[in-house]
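Biologist: Please take a close look at one part of this model, the charged pairs and the strands that carry them. Walk me through it step by step, then place it among the other side-chain pairs.

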Amino acid sequence: MLFSKKKSAPEVITEGRFEIKRLTAKEDIRASLQLAEDVFMQFEAPDFPPRGVESFRNFIWGRRVKEMLEDGSFALWGCYCENQLVGMLAMRDSNHISLLFVLGDFHRQGIGRMLFAQAKKHAMLHLKRKITVNASPYGLPFYRAIGFREVSMENVVDGVRSTPMEARI
């Protein structure tokens with residue numbers, strides 16, 4: 001079993017030509033993590049040192065993500081357009097966005113907002129009052145636009161640049 005039986009937002013939401021669904025099948029989870037890596041390499045990696053790129057890859061393919069999937073503390077959603085995975089969001093502990101990536105050809109079409117809406121519903125079902133994220137420099141404008149605010153200055157950990165942010169829900 002990849003997820004424990006915890007409360008969750010509805011399994012499938014359709015908005016226009018996009019379908020958002022909770023990912024539980026191993027092949028869907030793997031595809032979403034591959035999408036995250038691909039988009040990271042295209043948009044984020046050019047601004048990261050080699051150590052940061054390695055740290056990101058170690059996170060998504062490492063033991064910790066597998067453990068969180070098994071214990072139910074890591075939830076994933078995918079956005080599909082005509083059966084193609086075009087975006088993904090991963091949330092840890094029902095209130096921290098760990099990953100949010102959308103294919104470049106699908107940027108600025110509302111996919112990030114739709115994925116965030118599902119994560120927000122999930123957090124509210126778990127009685128959370130805020131959602132946090134460590135935003136990359138590339139993601140900062142998006143997170144500001146959906147209501148996040150910086151809670152401290154940018155930092156670098158293992159070569160990964162991020163700014164801690166939160167949004168009240």
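Modeller: Start with the charges. A search of the whole structure finds 11 salt bridges. Keep in mind that this is a predicted model.

The pair to look at is K130 and E166. They form a salt bridge, and the closest N and O atoms are 3.2 Å apart. K130 belongs to strand 6 (residues 130-135) and E166 to strand 9, so this pair ties together parts that are 36 residues apart in sequence. The two ends differ in setting. K130 is partly exposed, at 31% relative accessibility. E166 is buried, with a relative accessible area of 9%. The cut-off for buried is under 20%, so the carboxylate partner falls in that class at 9%.

Now go to R144 and E150. Their salt bridge brings the closest N and O atoms to 2.4 Å apart. R144 is partly exposed, with a relative accessible area of 44%. E150 is partly exposed too, at 31% relative accessibility. Back to the first pair: salt bridges that share partners join K130, R149, E166 and R168 into one network. Thus K130 and E166 are two of the members of that network.

Next, the backbone around these charges. Strand 9 covers residues 160-168. It pairs with strand 6 in the antiparallel sense, over six bridges. Look at E166 again: T132 stands opposite E166 in this pairing. E166 therefore has T132 as its opposite residue and has K130 as a salt-bridge partner in strand 6.

Strand 9 has another antiparallel partner, strand 7 (residues 149-150), over two bridges. E150 appears here as well. Its bridge partner in strand 9 is M165. E150 also holds the salt bridge to R144.

Strand 8 (residues 155-157) pairs with strand 9 as well, in the antiparallel sense and over three bridges. In this pairing V157 stands opposite V160. The hairpin of strand 8 and strand 9 has two residues between the strands. There, D158 takes a positive phi near 50 degrees.

Stay in strand 9 for one more residue, S162. It is buried, at 9% relative accessibility. What does S162 touch, once its neighbours within four places in sequence are set aside? It is in contact with N134, A135, M153, E154 and N155. Of these, N134 and A135 fall within the range of strand 6 (residues 130-135). N155 falls within the range of strand 8 (residues 155-157).

Compare this with a salt bridge inside one helix. The side chains of E67 and R64 meet at 3.9 Å, N to O. They are three residues apart in helix 3 (residues 63-71), which means about one helical turn separates them. E67 is partly exposed, with a relative accessible area of 33%. R64 is partly exposed as well, at 45% relative accessibility. Within the helix, the pair is three residues apart. The pair between strand 6 and strand 9 ties parts 36 residues apart in sequence.

Charges also meet rings. K21 lies over the face of Y80, at 5.0 Å from the ring centre. The charged end of R22 sits over the ring of W77, 5.4 Å from its centre.

Last, the rings with each other. A search of the whole structure finds nine aromatic pairs. One of them joins F40 and F48 edge-to-face, at 5.4 Å centre to centre and 70 degrees between the planes. Both rings belong to buried residues: F40 has a relative accessible area of 3%, and F48 is at 9% relative accessibility. Another edge-to-face pair is F142 and Y143, at 5.3 Å centre to centre and 70 degrees between the planes. Here the two residues split. F142 is partly exposed, with a relative accessible area of 27%, whereas Y143 is buried, at 7% relative accessibility. F40 and F48 also belong to an aromatic cluster, together with F56 and F101.

To sum up the part you asked about: strand 9 pairs with strand 6, with strand 7 and with strand 8. Its residue E166 is buried, and E166 shares one salt-bridge network with K130, R149 and R168.

How values were computed
Residues are numbered from 1 along each chain as its sequence is written. This is a predicted model: local features need pLDDT of at least 70, side-chain atom pairs count only at pLDDT 80 or more; totals for chains, interfaces and linings use all residues. Side-chain values use heavy atoms; hydrogens and water are left out. Rings of Phe, Tyr and Trp (its six-membered ring) pair if their centres lie within 6.5 Å; planes under 30 degrees apart count as stacked, over 60 as edge-to-face and the rest as tilted. Buried means under 20% relative accessible area, exposed over 50%, partly exposed in between (1.4 Å probe, protein chains only). A charge sits over a ring if NZ of Lys or CZ of Arg is within 6 Å of the ring centre and within 35 degrees of the ring normal. Helices (H or I, at least four residues) and strands (E, at least two) are DSSP runs, numbered from the N terminus. Contact means heavy atoms within 4.5 Å. A salt bridge is a side-chain nitrogen of Lys or Arg within 4 Å of a carboxyl oxygen of Asp or Glu. Two strands pair if DSSP finds at least two bridges between them.
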